[in-house]
Amino acid sequence: MTQTENLVKRLPNDIGGLPAEPILQTDHAMEPWEKRCHALADVLDFHKIVNTEEKRCGVEALGSDMVGKLTYYERWIVAFANILFRKGILTPTEFALKMKEVEARWPDDKTHDRT
Amino acid sequence: MSGTDHDHHHAHAETASAGRPGYYDMMETAVRELLVEKKLIGPDEIRRQIEVLDSRSPALGAKVVARAWVDPDFRARLLAHGRSACEQEFGITFYDDTDLIVLENTEKVHNLIVCTLCSCYPRPVLGLPPDWYKLKPYRARAVSEPRAVLAEFGTILPDDVEVRVSDSTAMIRYLVLPMRPKGTEHYSEEQLAALVTRDTMIGVVPARIESARTPS
């Protein structure tokens, strides 16, 4: 099978049966925002705004680079924003303005690592 | 300890937990607040759902398993209709509207659950999955070399035991009913529940007398 054929047949999430490293029995205590993100996912599903399968597809649509580099809940929240834009529920402009507003609540710029 | 030291300690802790949130933390806040402003979700819904999530843990699943060990009628109902048995007998709500299929381990069959595509898990009865369940090595290998995966958890099965791996979906979740350990005939239901850990209900380890948790 050629390299590109493999890309077509297996989307990023479809890893069942692939060779992989030994299992490290990792776990971490959830951060408060991660728990909020999980609760947001459930609430979006309750209201039939974004269901579980749409969320999974939304994560896959981030592409393998982002899927590989972002953490689990980072992928979820970015996927939610994209899905909500695509459905016309939020616009990128109002989201950008809201991000500015939220960022402005913490004036200390020391940990502000984005330009 | 002087009063000054005491005060200082508290002031320090408060500062540490009130730092500037990270980018994705703020992104969650932005998305949530926009949805509340548009009245698509209620202002207290996220908080309430966090409390639901906090109320679920492997201890809940352990109670279900222990009941199934002592009550054959309940076990039959649980194996026939996992979700309704949990709802009716334990009042467990399936907030994510998923179905639950309970898989019974026997002397001849060992079950293991996985979600190869993502991280589907019986959250209403077990709470949230451990990180390793969501990462590539477990997801990729559980379906192709389950015995090697089990061995990494210290579980070596005889060759004549059939290993069945069930791959979860967005709508259908699985829970393993582990075998009741030998030598527990005199145990109470509560003592039995203390033997049932999260990993026994994922199917990566058997329930053992030595793994008993301190009853809460």
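Two exercises on a predicted model follow, each with a worked solution.

Local features need pLDDT of at least 70 and side-chain atom pairs count only at pLDDT 80 or more, while totals for chains, interfaces and linings use all residues. Residues are numbered from 1 along each chain as its sequence is written, chains are lettered from A in the order in which they are written, and side-chain values use heavy atoms, with hydrogens and water left out.

**Exercise 1.** Find which helices and strands chain A has, and how spread out the chain is.

Solution.
1. Chain A has six helices and zero strands; helices (H or I, at least four residues) and strands (E, at least two) are DSSP runs numbered from the N terminus.
2. The radius of gyration of chain A, taken over C-alpha atoms, is 17 Å, well over the 13 Å that the globule rule gives for 115 residues, so the chain is more spread out than a compact globule. That rule is 2.2 Å times the number of residues to the power 0.38.
3. The C-alpha trace of chain A spans about 50 × 35 × 30 Å along its principal axes.
4. In chain A, 37% of the 115 residues count as buried (under 20% relative accessible area, 1.4 Å probe, protein chains only).

**Exercise 2.** Check the span of helix α4 (residues 58-70) of chain B, then state what its buried residues pack against.

Solution.
1. At 1.5 Å a residue, the 13 residues of α4(B) should span 18 Å; the rule multiplies 1.5 Å by one less than the number of residues.
2. The end C-alpha atoms of α4(B) are 19 Å apart, which agrees.
3. Buried residues of α4(B) include Leu60(B), Val64(B) and Trp69(B).
4. The elements of chain B that the buried residues of α4(B) pack against include α5 (72-80), α6 (82-90) and β4 (172-177).

Methods: Buried < 20%, exposed > 50% of the residue type's maximum accessible area, 1.4 Å probe, protein only. Contact = heavy atoms within 4.5 Å.
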